[in-house]
Amino acid sequence: MIAVILAAGMGTRLRPLTDEIPKALLEINNMTLLERMIKNCIDADIKKFIVICGYYKEKVIDLCPKLAEKYDIEITTLVNEKYDVTNTSVSTYIASENIDDDFILVNGDNVVDPQIIKNLAICENTGMIIDNYKTLNEESFKLIIANKTLNEDESIANGEIEAIGKGLDIPSSSGEFIGVSKVVKSDINKFNEILAKLIEENPQNYYDFAYKNLSKISDIDFVLTNGLKWTEIDDHIDWENAQKLVKELED
């Protein structure tokens, strides 16, 4: 299994913290977000990584060999040269078109409870981590799961994605996609075809939308957080929350 970490974005809402550094290289307790996510994946028995960089790419490219040596893992860096005019669908496609194995896909600005990665890694199907506890708001990347069923211990839901995005009706939503997912080998070609169409329609599309069409032709496991904590880091409030979460997890 491979972990793909998206670290190409500019993080404009975090300025001045990101004036000269990508979000993934921001540090909490003397550890970059990138290294922390790599450690989470290593704990889930993942040893191969692809890191997609763009904004201040040379700083990411310089760090990755050092992390590879430190943890005895394999890290490949690929570049989204159009990081400033594209979005995560393009960054994801740059990686996924070169993969022929199951892969975990994570946003480089996430801080998560390590158990979240472990729960996703053991899924047999393509999967998405869905927060079913958090109070949703207008900024939450929500989804509505049609014909939803739960497994015996209520840790995984199955069904078809009826809708996905920030603008969904909150009471109708099934939860929030946290930007951590998995694509199994047998779904990669279909996933890439859907991604390519999204990019053709609009290179600013998020890769997240690909899962809607994929859910119509493949089984997707919606792995529920059931209270496990995480945060994305889009702005300064998120940055403060991330620092609190890291302290909580490390304590």
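## The second largest pocket

The lining of the second largest pocket is made up of 10 charged, 5 polar and 3 nonpolar residues. In this predicted model, that pocket has a volume of about 400 Å³. It is lined by 18 residues, and those closest to its centre are Lys134, Trp230, Thr231, Asp238 and Asn241. Strand E13 and helix H7, the latter spanning residues 236-250, each supply at least two residues of this lining.

## The largest pocket

The largest pocket has a volume of about 860 Å³, and 35 residues line it, with Lys23, Asn87, Thr88, Asp109 and Tyr206 lying nearest its centre. By class, this lining comprises 13 nonpolar, 12 polar and 10 charged residues.

Several elements contribute to the largest pocket, since strand E1 (2-7), helix H3 (88-96), strand E11 (175-183) and strand E13 (230-232) each supply at least two residues of its lining. Among the elements, E11 gives the most, with 4 residues.

## Strands around E9

Strand E11 also takes part in strand pairing, as 2 bridges join E9 to E11 in an antiparallel arrangement; in one bridge, Leu143 has Gly175 of E11 as its partner.

Strand E9, which covers residues 142-150, also pairs with strand E10, residues 156-165, in the antiparallel sense over 7 bridges, and within E10 the bridge partner of Ile144 is Ala163. The hairpin of E9 and E10 has 5 residues between the strands, and in this hairpin Glu154 takes a positive phi near 60 degrees.

Terms used: Residues are numbered from 1 along each chain as its sequence is written. This is a predicted model: local features need pLDDT of at least 70, side-chain atom pairs count only at pLDDT 80 or more; totals for chains, interfaces and linings use all residues. Side-chain values use heavy atoms; hydrogens and water are left out. On a 1 Å grid over the protein atoms alone, a cavity is a set of points where a 1.4 Å probe fits but cannot get out, and a pocket is an open set with protein on both sides within 12 Å along at least five of seven lines; lining residues have an atom within 4 Å of a point. Grid points are joined across faces, edges and corners, and a volume is the space filled by probe spheres set on the points. Ala, Val, Leu, Ile, Met, Phe, Trp, Tyr, Cys and Pro count as nonpolar, Asp, Glu, Lys and Arg as charged, and the others, Gly among them, as polar. Two strands pair if DSSP finds at least two bridges between them.
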